[in-house]
Amino acid sequence: MATETTEQSPPADQVQSLSISEPQADDQPSSSSNPTTSLSLEEKYQIVRSVAEECIQEDELRNLLAHKTEPICYDGFEPSGRMHIAQGVMKTINVNKLTSAGCRVKIWIADWFAQLNNKMGGDLKKIETIGRYMIEIWRAAGMNLDTGKVEFLWSSKEINARAHEYWPRVMDIARKNKLPRIIRCSQIMGRTEQDELTAAQILYPCMQCADIFFLQADICQLGMDQRKVNMLAREYCDDIKKKNKPIILSHHMLPGLQQGQEKMSKSDVTSSIFMEDEEAEVNLKIKKAYCPPNVVDGNPCMEYVKYLILPWFNEFSVERTEKNGGNKTFKTFEELAADYESGELHPADLKSALSKALNKILEPVRAHFKNDKAAKQLLQSVKDARAYE
């Protein structure tokens, strides 16, 4: 076991959010204002199902929503590095959708996991600083935290408080699985089965699987890259004869900006737009982004509109001269895709509109970290922790 302060959890006064000004109503994700009480079962199902590219299993999800008023959804993140829009904007959209449908969301701040995965050089204090910075970004971006349905939980603190529950579960999962099955889960850490894994990284999947039961999660709402460990949890339910398995909602992984980049990466600045990027930086990155004419599939700019802009604003507005077709507002992705494939919408016009929409989403975040003294100090602490490298 490491000799540094791994047994310490962040002080309570550090976990609390800094004060922030509320973003303007027009800049809030559209799903944040839906009243839960007026929704039918089918409406709740459609909202919850919409956050995922894949659902395992849909009939289980319908049954859960029919019989449990406030299902518990589990999400989590390793505090490491800067936050890109795939993590910042998409998580805000998804969490707001889930709470609007009546779900409670437990967001697991996986500080110990980041240490196991050697993020920030394994320095827990730096990891904790990054965790507080990330929570602050989601608040500034418009994640609906005022209803009391979203709870941020530090893994170090929660595991220490209930160690007698947590570690026996981890050990049981480890006993019931062969090493190759655990190694297949290495994707969840951004690793491959061919990587030379440390013993800590073998422990990691067993712990993440245990998290699901520790948090009493009904739904695992994570990216497609976390699918293997979520499936491990369902398989473990068979081992222990547990009838109600966690339902898996795996959301889409946004591609990087350049051709062939399957997902945004914090370590590759050419692949990502970050949540506190300046307006000019966003414009330049989108201008240089891969965006082949008449091609929708594998086009990152089209994906950003589909998964970020349309869910946020419920529309996508393109401003053009009359000579180039005039202004047009798209209400559905199918309508946008048809215009783009036919050549009616030019890549330059798509990029210009995309940049404008992204900057509208990001402006409250930029303003918050510039104008709020405590937030500015936190951001400086993040930079001092060398998270920008």
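Trainee: In which helix do Glu363 and Arg366 both lie?

Mentor: This is a predicted model, in which local features need pLDDT of at least 70 and side-chain atom pairs count only at pLDDT 80 or more, while totals for chains, interfaces and linings use all residues. Residues are numbered from 1 along each chain as its sequence is written, and side-chain values use heavy atoms, with hydrogens and water left out. Helices (H or I, at least four residues) and strands (E, at least two) are DSSP runs, numbered from the N terminus. Glu363 and Arg366 are three residues apart, about one turn of the helix, and both belong to α15 (residues 347–371).

Trainee: How far apart, N to O, are the side chains of Glu363 and Arg366 in their salt bridge?

Mentor: A salt bridge is a side-chain nitrogen of Lys or Arg within 4 Å of a carboxyl oxygen of Asp or Glu. Buried means under 20% relative accessible area, exposed over 50%, and partly exposed in between (1.4 Å probe, protein chains only). Glu363 counts as partly exposed because its relative accessibility is 38%, whereas Arg366, with a relative accessible area of 4%, is buried. The side chains of Glu363 and Arg366 meet, N to O, at 3.1 Å.

Trainee: Is Lys176, which meets Asp172 in a salt bridge, buried or partly exposed?

Mentor: The salt bridge between Asp172 and Lys176 has an N to O distance of 2.7 Å. Asp172 has 15% relative accessibility and therefore counts as buried. Lys176 has 33% relative accessibility, so this residue counts as partly exposed.

Trainee: How many residues apart in sequence are the parts that Arg82 and Asp277 tie together?

Mentor: Arg82 forms a salt bridge with Asp277, the closest N and O atoms being 3.1 Å apart, and both residues are buried. Arg82 lies in the loop between β2 (72–77) and α4 (85–100), and Asp277 in the loop between β6 (247–251) and α12 (279–288), so the parts tied together are separated in sequence by 195 residues.

Trainee: Which strands are the edge strands of the open sheet of six strands?

Mentor: Two strands pair if DSSP finds at least two bridges between them. The open sheet has mixed pairing and the strand order β1-β6-β5-β2-β3-β4. Each edge strand pairs on one side only, and these strands are β1 (54–56) and β4 (150–154).

Trainee: Which residue in β5 does Tyr74 stand opposite?

Mentor: β2 pairs with β5 (residues 219–223) in the parallel sense, over two bridges. Opposite Tyr74, in β5, stands Cys220.
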